[in-house]
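Please look over this model with a focus on how its helices pack. The report below goes contact by contact, then turns to single helices and residues.

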Amino acid sequence: MLGVVPALAWRSAASGALARIPRLDAYRGVMATSWGLALLGAAVLWWDGSLRPRDVGLRGLPPAPAAAWIAATLVALLAGAALTGLVRRLTGRPESHHLMRLVPRTQAERRLFPLVALTAGITEEFVFRGIALTALASLPLLDGSGGRWWAAAAVAAAFGLGHGYQDALGMARAAALGMVLAVPALLTGSLLPGMAAHAALDLCLLWGTGRRLAGAAP
């Protein structure tokens, strides 16, 4: 999974596919691919049999701690995104045109985009911070008190490469945010805070940007 996702992202960027596909079709393709990878991960868990769903973070939290972790994670994610935006302004580097191509602009796109954000929050956290992180942390090489954090760093790097349709700064941002998302997963044992915060971040940034760009040429 850590190899397939970056490979798909780089292939999409190199082929220019995002520039040719209408946004609604791109949204549907992203959701289909994301859920396909998540189902593949679920199949691996079922086939292996040694891990329970709760072992990869599929468990809830009490309401109060869950809300606190979601809020704290979202604030940290927004701060990281804001810092990247500041770097872009100071260096004069615009946002990746591939990412801007995915920003919803029409009413139909804005109606569908919440499902895209929810899909990304659920499936990417399950695949990266759930299955991949758990699998890497269980390797003998990473056995030890700090092994989980090294595994989280490796997964975050793969997560950044998985955003290869963006520029180098966009991939670095994704890797840093991936590390932020690993914190609640490791400290609470639940993917719920990361899933909720991840989906909320996508809505805050892309949907909000889309509303500002409404009426611009597609």
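## Helix 6 against helix 8

E125, R129 and L133 in helix 6 meet G178, L181, A182, A185 and L186 in helix 8. Contact here means heavy atoms within 4.5 Å. The residues of this contact divide into 5 nonpolar, 1 polar and 2 charged. Ala, Val, Leu, Ile, Met, Phe, Trp, Tyr, Cys and Pro count as nonpolar, Asp, Glu, Lys and Arg as charged, and the others, Gly among them, as polar. This is a predicted model: local features need pLDDT of at least 70, side-chain atom pairs count only at pLDDT 80 or more, and totals for chains, interfaces and linings use all residues. Residues are numbered from 1 along each chain as its sequence is written, and side-chain values use heavy atoms, with hydrogens and water left out.

Two packed helices are described by the angle between their axes and the distance between the axes. The axes of helix 6 (residues 107-137) and helix 8 come within 11 Å and cross at roughly 60 degrees. Helix 6 is therefore oblique to helix 8. Angles under 35 degrees count as roughly parallel, over 145 as roughly antiparallel, 65 to 115 as roughly perpendicular and the rest as oblique. Axes are lines fitted to C-alpha atoms, for helices over the stretch in contact, and angles run from 0 to 180 degrees between N-to-C directions. The crossing of helix 6 and helix 8 is right-handed, that is, the near helix is turned clockwise from the far one by less than a right angle, while anticlockwise would be left-handed.

## L186 in helix 8

L186 is found in helix 8. L186 counts as buried because its relative accessible area is 11%. The cut-offs are under 20% relative accessible area for buried, over 50% for exposed, and partly exposed in between (1.4 Å probe, protein chains only).

Leaving aside neighbours within four places in sequence, L186 is in contact with L133, R148, W149 and A152. The C-alpha atoms of L186 and W149 are separated by 8.2 Å. Along the chain, L186 and W149 are 37 residues apart.

## Helix 6 against helix 7

The axes of helix 6 and helix 7 come within 9 Å and cross at roughly 135 degrees. Helix 6 is therefore oblique to helix 7. The crossing of helix 6 and helix 7 is right-handed.

On the helix 6 side, the contact uses E124, F128, R129, A132, L133, L136 and A137. The helix 7 side brings R148, A151, A152, A154, V155, A158 and F159. By class, this contact has 11 nonpolar, no polar and 3 charged residues.

## Helix 4 against helix 8

Helix 4 (residues 63-91) and helix 8 (residues 168-188) have axes that come within 10 Å and cross at roughly 165 degrees. Helix 4 is therefore roughly antiparallel to helix 8. The crossing of helix 4 and helix 8 is right-handed.

W69, T73, A76, L77, G80, A81, T84, V87 and R88 are the helix 4 residues in this contact. They meet L169, G170, R173, L177, V180, L181, V183, P184, L187 and T188 in helix 8. These residues divide into 12 nonpolar, 5 polar and 2 charged.

A68 is also found in helix 4. A68 counts as partly exposed because its relative accessibility is 47%. The C-alpha atoms of A68 and P193 are separated by 8.7 Å, with their places 125 residues apart along the chain.

## Helix spans and buried residues

Helix 8 has 21 residues and reaches 31 Å from its first C-alpha to its last, close to the 30 Å expected at 1.5 Å a residue. The expected span is 1.5 Å times one less than the number of residues. After helix 8 comes G189, whose phi is positive, near 75 degrees. Helix 7 (residues 147-161) has 15 residues, and its end C-alpha atoms are 21 Å apart, in agreement with the expected 21 Å. Among the buried residues of helix 7 are G147, A151, A152 and V155.

Helix 3 (residues 23-48) has 26 residues and reaches 37 Å, close to the expected 38 Å. Its buried residues include R23, A26, Y27 and M31. G49 follows helix 3, with a positive phi near 80 degrees.

## The whole chain

The chain has 9 helices and 0 strands. Helices (H or I, at least four residues) and strands (E, at least two) are DSSP runs, numbered from the N terminus. Buried residues make up 44% of the 218 residues in the chain. Among contacts between residues at least 6 apart in sequence, 83% join residues at least 24 apart.
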